[in-house]
Amino acid sequence: MSTKNKNTINFNFDISAYRLLGRELITDRITALFEIVKNSYDANADNVTISFENLIPYSNTNSKIIIKDDGIGMSLRDLKNKWMVIGTSDKRRERTSPSPYNRKVVGKKGIGRFAVDLLGSKLTLKTKQEGSDKWIYLETDWSKYVEIENQQLLLPFEDKKDYFTDIENKYWFEDAKKEEYGTTLKIERIQEWTNYDIERSYNELTKLVSPNFKIPPRYPFNIKIKSPFENFIDVKIKPNDVKEQSTISIELSYDEKSNTQQVIRNNNGVLEKINVPKKSFGLVDFTFHYFDLKAKKNIKKNSTADIDGIKIYRDGIITTPFAEYEDKVTKQKDIIGIDKRRYSGFFDKISSRDLLGFVELKDEKNPDIIEATNRQGFIENNEWRDLKVFIIEQIEQVELSFKDQRNKASEKTKSELGNANNSLKNLKTLVSNIKKEASPVVKEQLKTVQIELGKLQGTVSKSIKDYVRLEEETKQKENLYSSLVSLQTYAAMFSHMTKHTIGHVIRQAEYFSKYYPDTSKDSRFMSISGNIFEEFITLRDGVDFMLKYAKSDTDVEEIDLKDLLEILFNKIYKDVFFQEKIKIQLDIKKSIILNYNRKAIEDVFDNLISNSIKALKHEENKKIKCSSEIQKDKLIIYFSDNGIGINEEDKYKIFDIFFTKTFDDGGSGLGLYMVKTRIESMKGDIELIDNEFKPTGATFKIELPFKK
């Protein structure tokens, strides 16, 4: 007789769950403090005090952290059904705290209390609701869990063992005054806390509440730190408001009626606000401040505030402390991707050390931006990716405005220098004319004037030449950096190609070694010899292509476009196309000679191919097509793929420097900018047109003057 549906088995938690949900999930002490303080916020506390006691000397075994709030407290039922339940759903059910505060609760996961384990190995919780005449005490000794886990590791796996939920935690009651209420956590056996650690805790806790979020004065949320250190004996946490000291401040909002989001656009050096349709992540407020070197020096001198990038808040409270703190900037995590953009320091890119910003999410408007359980980032979904792109795009518009402003200033300076030079010439002519009719005494004086004018004109002329040379050197550096971006992409592909080529040669050489000189296999030997020859020709072409980066980008030569593209498509990228299952259609029928710099043309098509490979990443029937036609004295090249295509709202900015949708894949935002710059230097043009592989993909039309 079948026993289907009659037998059951339950999940259990191994004893190690205490550390998996605690110290191994939340690995930073400041993050742990955040979690506990956020619980106080959810409990309608007006005041939270974090006391660090007996820290000096550092070897003191009686050191402790006491976190006390005046929130609503817990009943025994709350303690059993909420605090002691892993992943409890009470805050997911009730998204606001009890009236009259009605705060949007920030704890949803139901595991934040395990952060206590990271602060100390023993917890004594004391809690009480208003009107009750008893304090409830709960003791959790994490060292007991450690001891049991170590003992269990010595037992045979099959032996019966206590599970995490079998471990008993002692609780008791003590008398209290009915008007008393709140929760106190006493954490003992803590790690060493120095003055620096307390200062860091203070600085990070200043970011807990967004400076743009107005907490009702009747229901405040105050945080105090007490410690034995001089600067933190008894201090109240105050948000650092440094926006008045910023160089530029941008405030973006939204319109619920029209369902539109404000964004900024650079218009010839001027930043303008426009409205665009709501993004996938919903509507947000976004405020950010840029600080130039002078502003940062001023803040460092007069404030303890950190200029440390963009923070994301939900209903006024920070969503995550954004990963473990690192003193060294190079080690800090960059979850938004501001500093991940390749060659972040080149072309005066703005970094997170130049910005202080606040993205304001709302629970009901942005439900798909979901904090990771470890509080170190967000769930990697389309909405989060689009929010990152949105943030980066606003920063890039500021970068573009700076670039345009610098170009304007440069042109103005050159013009003023030129005008000054002309004025000096005219003045010398005027003095010369006056000198002809002047008295001998005046002539002698005018002669001195002429000499000084000559010196001044020479200085101005030299300044003009120096300025032009500086511009040329800057342009050469930009070309170098652009080539480095192409080189990095190509080098990865070349490494892959080399590995495959060597692998093919080794396997075929092994056949030779094993069977030669067996005359019965001569035909096979001939075939293998031909294959090895072809493999080395491919490798040689790859090396030649790599060596182009050692050549000048100003040398001009006659180039057969068809030969160049056939080498790129059929040799250089052959293995990549095969591995990615990309079908290639190369339709360059006539032998067309271009009189240009070879490296510049190769850069153009190298970047277009690289972009197409990224765009085809998630497609099944992958295609890349390159074709050409001749129109009078112009060569028209069409470059197409059937990848993800380009959003309508992005079409106007795809050639902007730093614009990229692929920074997570190593995109630099320089590829299409460089393509356009290279083509324009050839007196040509490139534009995005209707795609020939509709409904998806992209087609670029390139126009180049040429000779047959």
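The second largest cavity in this predicted model holds about 80 Å³ of space. Its wall is built from 12 residues, and a good place to start looking is around V105, V106, R314, I317 and E371, which lie nearest the centre of this cavity. The chemical character of the lining is easy to tally: seven of its residues are charged, four are nonpolar and one is polar. Both domains take part in this wall, since domain 1 (16-236) and domain 2 (243-403) each supply at least three lining residues to the second largest cavity.

Turning to the whole structure, a search finds four cavities of 30 Å³ or more. The largest cavity among them has a volume of about 150 Å³. There are 14 residues lining the largest cavity, and those closest to its centre are T206, K207, N240, L356 and F358. Which elements give two or more residues to this lining? They are the strands β14, covering 309-314, and β16, covering 355-361.

The lining of the largest cavity can be sorted in the same friendly way: seven residues are nonpolar, four are charged and three are polar. Here too the two domains both contribute, with at least three lining residues drawn from domain 1 (16-236) and at least three from domain 2 (243-403). A reader following along in the structure can find the largest cavity by locating T206 and K207, together with N240, L356 and F358, as these residues are the closest to its centre.

Methods: Residues numbered from 1 in each chain as written. Predicted model: local features only at pLDDT ≥ 70, side-chain atom pairs only at ≥ 80, totals over all residues. Heavy atoms only, no water. 1 Å grid on protein atoms, 1.4 Å probe; cavity = no way out; pocket = protein on both sides within 12 Å on 5 of 7 lines; lining within 4 Å. Points joined across faces, edges and corners; volume = space filled by probe spheres on them. Helix = DSSP H or I, 4+ residues; strand = E, 2+ residues; numbered from the N terminus. Nonpolar A, V, L, I, M, F, W, Y, C, P; charged D, E, K, R; others polar. Domains from an automatic or database assignment.
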